[in-house]
Amino acid sequence: MQPTSTVERPPAPLAPNSRTFARAFGDVRDAWRQRELWGHLGWQDIKQRYRRSVIGPLWITISMGTTALALGLLYSQLFNQELGTFLPYVTAGFIIWHFVLGVVTEGTEVFIANEGLIKHLPAPITVHVLRMVWRQTLFLFHNLVVYLVVVAIFFPTLSNEYRMYEGDPILQPGLSWGVLMTIPALALVVVNAVWVALLFGIISTRFRDIPPVISSFINLIFFMTPIVWHVGVLNKVTGSENSGDNGDWRMLIAELNPIYHYVEIVRAPMLGHVQDWHHWVVVGAFTVVGWGLALIAMRNYRARVSYWV
């Protein structure tokens, strides 16, 4: 009998591991390459929202203008502030806050709201996040029209040196070419908006209690953030001079609020304020840590989003 020859079979291919940082980075990279897709979808979202409206997206600007005007008039009287400097301060702060609010609230439900597309459209999940952030960025550009109108009205005041309130130890230099720093500041805020939506979107898809919890606390955060009030009022407490209280603990409360730093890096150059660079350091640190957490969440749970929605 002839010896039977044994044929060696090639080893079975290893199952690809979806839990890798390479796949997480690849998802973000592929989503950016498909910017025509999410750019078109984001623009269509705005057109659909204001379909059959006479003035269309201008309602965004009108709504922002009336809200900023009402808040500026009210709180300028409550805090005894000069309207020419306080109304632009409130307007700029509220425009940035509106962007942050939209990103956080819609970011928690970004995957839940796109359940149909996620299950039927073979695209990176980051596409849905970029679509939402792009839509909110378009809203932001519409709202900046209100800022331009307010600045044009109070330009004589804002173009010279001024103080935010009576007794303010800081003399603001006024509007200058430093206003161009608004561009990189807004870009940095938009970059942070992507990781916020990615991270909270994944967590909220798994735990559906997260969106209502965030919605419940977001209004509280608004009043804790220096938007309709200036941080200088924290040191102007009646009797603090006699009690030896210098207000440092009150300033600490404001400094521990991360949204305050995001608002300030954009608002300061918009109004010609003294730029405090520690805000940029804090935002830069949050950018690195936030993107790290978002990529970890993408690495571990990106493939499960389609099953959770």
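# Helix packing exercises

This protein has 15 helices and zero strands, and the model you're looking at is predicted. Of its 309 residues, 46% count as buried. Among contacts with a separation of 6 or more, 76% link residues 24 or more positions apart.

**Exercise 1.** Work out how helix 4 and helix 10 are oriented relative to each other, and which residues make their contact.

*Solution.*
- Step 1: get the geometry. Helix 10 covers residues 210–224, and its axis lies 11 Å from that of helix 4, at a packing angle of about 165°.
- Step 2: classify the angle. Anything over 145 degrees counts as roughly antiparallel, so that's the label for helix 4 and helix 10.
- Step 3: add the handedness. Helix 4 passes helix 10 in a right-handed crossing.
- Step 4: list the residues. Helix 4 brings F94, W97, L101 and V104, while helix 10 brings I214, I218, I221 and F222.
- Step 5: sort them by class. You end up with eight nonpolar residues, no polar ones and no charged ones in the contact of helix 4 with helix 10.

**Exercise 2.** Do the same for helix 4 and helix 7: find the orientation, then the makeup of the contact.

*Solution.*
- Step 1: helix 7 spans residues 126–153, and its axis comes within 10 Å of the helix 4 axis, crossing at roughly 170°.
- Step 2: the cut-off of 145 degrees applies again, so helix 4 and helix 7 are roughly antiparallel.
- Step 3: look at who's touching. From helix 4, the contact includes L87, P88, T91, H98 and E106; from helix 7, it includes M132, R135, Q136, N143 and Y147.
- Step 4: count by class. The contact of helix 4 with helix 7 has 12 nonpolar, seven polar and two charged residues.

**Exercise 3.** Describe the packing of helix 9 against helix 14.

*Solution.*
- Step 1: helix 9 (residues 182–206) and helix 14 (residues 278–301) have axes 9 Å apart and an angle of about 30° between them.
- Step 2: helix 9 passes helix 14 in a left-handed crossing.
- Step 3: on the helix 9 side, L188, W195, L198 and I202 are among the contact residues; on the helix 14 side, they include F286, W291, A294 and M298.
- Step 4: by class, the contact of helix 9 with helix 14 splits into 18 nonpolar, three polar and no charged residues.

**Exercise 4.** Find the residues with the most contacts inside the largest nonpolar core, then trace what L198 touches.

*Solution.*
- Step 1: the largest nonpolar core holds 78 residues, and the ones with the most contacts inside it are F111, V129, L198, V228, I265 and V266.
- Step 2: helix 4 supplies the largest share of this core, with 13 residues.
- Step 3: now zoom in on L198. Leaving out residues up to four places away in sequence, L198 touches F111, T126, V129, W291, A294 and M298.

**Exercise 5.** Two loop asparagines, N80 and N114: is each one buried or exposed?

*Solution.*
- Step 1: place N80. It sits in the loop between helix 3 (58–78) and helix 4 (83–107).
- Step 2: check its accessibility. N80 has 66% relative accessibility, so N80 counts as exposed.
- Step 3: glance at the backbone. Phi of N80 is near 55°, a positive value in a residue other than glycine.
- Step 4: place N114. You'll find N114 in the loop between helix 5 (110–113) and helix 6 (115–120).
- Step 5: with 12% relative accessibility, N114 counts as buried.
- Step 6: beyond its neighbours within four places in sequence, N114 contacts H128 and R131.

Definitions and conventions: Residues are numbered from 1 along each chain as its sequence is written. This is a predicted model: local features need pLDDT of at least 70, side-chain atom pairs count only at pLDDT 80 or more; totals for chains, interfaces and linings use all residues. Side-chain values use heavy atoms; hydrogens and water are left out. Helices (H or I, at least four residues) and strands (E, at least two) are DSSP runs, numbered from the N terminus. Buried means under 20% relative accessible area, exposed over 50%, partly exposed in between (1.4 Å probe, protein chains only). A nonpolar core is a set of buried Ala, Val, Leu, Ile, Met, Phe, Trp, Tyr and Cys residues joined through side-chain atoms within 4.5 Å. Contact means heavy atoms within 4.5 Å. Axes are lines fitted to C-alpha atoms, for helices over the stretch in contact, and angles run from 0 to 180 degrees between N-to-C directions. Angles under 35 degrees count as roughly parallel, over 145 as roughly antiparallel, 65 to 115 as roughly perpendicular and the rest as oblique. A crossing is left-handed if the near helix is turned anticlockwise from the far one by less than a right angle, and right-handed if clockwise. Ala, Val, Leu, Ile, Met, Phe, Trp, Tyr, Cys and Pro count as nonpolar, Asp, Glu, Lys and Arg as charged, and the others, Gly among them, as polar.
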